[in-house]
Each structure stands twice: as C-alpha cells, then as structure tokens.
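Colleague: I have just opened this model and would love a close look at one part of it, the metal site. Could you walk me through it, and then through whatever surrounds it?

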Amino acid sequence: MNMLMVQTGDLLVNTFIVHAENSKETVIIDPGGSPKKIKELVDKYELEPKAILLTHGHFDHIGAINALKEMFKLEVYIHEDDANMLIDENLNLSVFASNAAYTTEEADVKFKDGDKLSVCGITFDVLHTPGHTPGSSIFVVDRAVAFAGDTIFKRSIGRTDLPGGDMAVMQQSLSRLKTALNPKTQVFPGHGEHTVFEDELTGNPFLNAN
Ligand SMILES: [Zn+2]
Ligand SMILES: [Zn+2]
C-alpha cells in the first residue's frame with residue numbers, strides 16, 4: 001500500500017490518499033476540506049480516486065466530499081451509526097462550528113464492526129470504536145497500519161463531550177483496542193502526528209487508565 005498524507009480544512013485534519021502498489025485506483029480517507037490540495041496530489045501522481053472512507057461524520061472530516069464528487073466518481077463509506085451526520089448539519093456540527101450548514105448526499109456504503117471493506121485492491125478491517133461519535137471507526141490494513149480518526153491521538157484521545165460522545169463508551173473502545181491492535185501497528189490519527197501503538201500502550205495516559 002502506498003500512502004500520501006495532506007492536512008486539510010481549518011482544523012487540519014489528516015487526509016490520507018492510499019492505493020495498492022500495483023494500482024492507480026485510490027481511496028481518500030477523511031477529506032476534511034481543501035479539495036484543491038487533494039486534487040493537486042491526485043494529479044501529481046496520476047491517481048484515480050474511486051472511494052472515500054470516513055472514520056466518522058464530523059464536519060471537519062467530510063468537508064471536501066461535495067467538491068471531490070464534482071471532480072471524480074466516488075463512493076462514500078461510513079459506519080451506519082454516523083451515516084445521518086452526512087445529511088444533517090446539526091449532527092455533523094457544521095452549523096455550530098463554521099456558521100455554514102454543510103451536508104452531503106447519503107452514503108453509498110454503510111458499514112459495521114467487523115466488516116472487511118475491499119476497496120481499490122486494499123482490504124480495510126473495520127473496528128467500531130464509539131466514544132468520540134457513535135459510529136467512530138478505525139480502519140486497519142494488514143494488521144500493520146491503522147487509520148484512527150479522532151478515537152486515539154499520539155498520547156491523547158478524541159473529545160467525548162460533543163453531542164453523541166460518551167466517555168464510558170470511549171473507555172470500552174480503548175480497552176478493546178488493546179487486544180484488537182497489534183502493538184507494532186502504525187497508527188495514523190485524524191489530527192496530529194502518527195505513532196506506534198506500543199508507544200501508546202505505555203505512554204498514553206488514557207490507555208493506561210483502565
Ligand atoms: Zn471528530
Ligand atoms: Zn476531527
């Protein structure tokens with residue numbers, strides 16, 4: 001798997017552009033904004049975006065979907081418990097955060113825990129990790145790379161005080177991650193620096209707390 005990373009939107013979401021070694025067909029994970037930046041990278045490497053995978057439905061992770069759909073034919077994937085956030089500006093928080101109500105079309109694929117999403121020659125294992133939002137999910141590739149969204153950050157975790165967030169549920173998700181993720185997994189969060197899961201097992205206060 002080849003991967004490009006670009007920070008998008010006002011809240012600097014990590015957007016990942018990934019494709020199989022032998023293919024130009026490309027998955028975009030969490031296109032939060034800045035569609036021109038994303039398009040420039042896609043064009044530079046002559047990639048063919050086919051799908052958008054969303055770790056969750058907050059506005060800062062979905063803001064470039066509409067613009068990208070005008071440029072490319074894309075299928076949008078999101079967990080079934082966050083699917084309504086795409087079509088409701090109150091649920092995705094865009095009205096509160098940016099004073100600009102933002103919605104997209106309905107998702108094409110609503111996935112759930114344990115699904116294996118085969119997209120563009122890559123298999124993404126879905127780990128449903130609610131807590132930040134009801135449908136927050138982590139995509140794991142080859143037990144080696146995890147796209148973690150706003151569930152876990154380097155030495156921190158995502159907020160649980162927003163609508164739909166729940167600290168008790170987050171604790172359960174974090175406990176589950178300890179057994180579900182290989183310690184050597186490279187973790188790419190939705191904001192900030194990447195990390196290795198074994199470093200979080202020892203250094204992340206939220207993983208040590210339970
Ligand atoms: Zn979020
Ligand atoms: Zn975020």
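Modeller: Happy to; what follows starts at the metal ions and then moves outwards through the chain. Please keep in mind that this is a predicted model.

Let us begin with ligand 1. This zinc ion (ligand 1) is held by H56 through NE2, H58 through ND1, H132 through NE2 and D150 through OD, with distances of 2.1 to 2.5 Å. If you are setting up the geometry, note that its four donor atoms subtend angles of 90 to 170°, which makes the arrangement irregular. Along the chain, the donors of the zinc ion (ligand 1) are spaced as H-x1-H-x73-H-x17-D. Two of these donors show what that spacing brings together: H58 sits in the loop between β4 (48–53) and α2 (59–62), while D150 sits in the loop between β10 (145–149) and β11 (152–153), so the pair ties together parts that are 92 residues apart in sequence. H58 counts as buried because its relative accessibility is 4%, and D150 counts as buried because its value is 5%.

Now for the second ion. D60 (OD), H61 (NE2), D150 (OD) and H191 (NE2) coordinate the zinc ion (ligand 2), at 2.1 to 2.4 Å. You will have spotted D150 in both lists: D150 bridges the zinc ion (ligand 1) and the zinc ion (ligand 2), and the two ions lie 3.4 Å apart. Around the zinc ion (ligand 2) the four donor atoms subtend angles of 93 to 153°, so this arrangement is irregular too. For a tetrahedral label, all angles would have to lie between 85 and 135 degrees. The spacing of the donors of the zinc ion (ligand 2) along the chain reads D-H-x88-D-x40-H. H61 belongs to helix α2 and H191 to the loop between β13 (186–189) and β14 (195–196), so this pair ties together parts that are 130 residues apart in sequence. Both H61 and H191 are buried.

From here we can step to a residue that touches some of these donors. V13 is found in strand β2, which covers residues 13–19, and V13 counts as buried because its relative accessible area is 0%. Beyond its neighbours within four places in sequence, V13 is in contact with V6, Q7, T8, D30, D60, H61, G190 and H191. Among those partners, D60, H61 and H191 are donors to the zinc ion (ligand 2).

D30, another partner of V13, deserves a look at its backbone. Its phi is near 55°, a positive value in a residue other than glycine. Most residues other than glycine have a negative phi. D30 lies in the loop between β3 (25–29) and α1 (35–44) and counts as buried because its relative accessible area is 1%. E46 also has a phi near 55°, but the setting of E46 is the loop between α1 and β4, and E46 counts as exposed because its relative accessibility is 59%.

Next, strand β14, which follows the loop that carries H191. T195 has its place in this strand and counts as buried because its relative accessibility is 5%. The side chains of T195 and E200 are joined by a polar contact of 2.6 Å. Leaving aside neighbours within four places in sequence, the contacts of T195 are K154, R155, T185, Q186, V187 and E200.

Finally, helix α6. This helix spans residues 167–180, 14 residues in total, and reaches 19 Å from its first C-alpha to its last, close to the 20 Å expected at 1.5 Å a residue. At its N-terminal end, D166 acts as a cap, with a side-chain oxygen 3.0 Å from the backbone nitrogen of A168. The buried residues of α6 are M170, S173, L174 and L177. Seen down the axis of α6, they fall within an arc of 100°, so they line one face of the helix. An α-helix has 3.6 residues a turn, so residues three or four places apart point the same way. The buried residues of α6 pack against β8 (122–128), β9 (137–141), β11, β12 (156–157), α7 (197–203) and α8 (205–208). On the face turned away from that buried side, α6 carries the exposed residues A168, Q172 and T179.

Notes:
Residues numbered from 1 in each chain as written. Chains lettered and ligands numbered in written order. Predicted model: local features only at pLDDT ≥ 70, side-chain atom pairs only at ≥ 80, totals over all residues. Heavy atoms only, no water. Donors = N, O, S within 2.8 Å, 3.2 Å for Na, K, Ca; no water. Tetrahedral: all angles 85-135°; square planar, octahedral: opposite > 155°, others 65-115°. Helix = DSSP H or I, 4+ residues; strand = E, 2+ residues; numbered from the N terminus. Buried < 20%, exposed > 50% of the residue type's maximum accessible area, 1.4 Å probe, protein only. Expected span 1.5 Å × (residues − 1). Arc of directions from axis to C-beta. Contact = heavy atoms within 4.5 Å. Polar contact = N/O pair within 3.5 Å; in protein donor to acceptor, adjacent residues only side chain to side chain.
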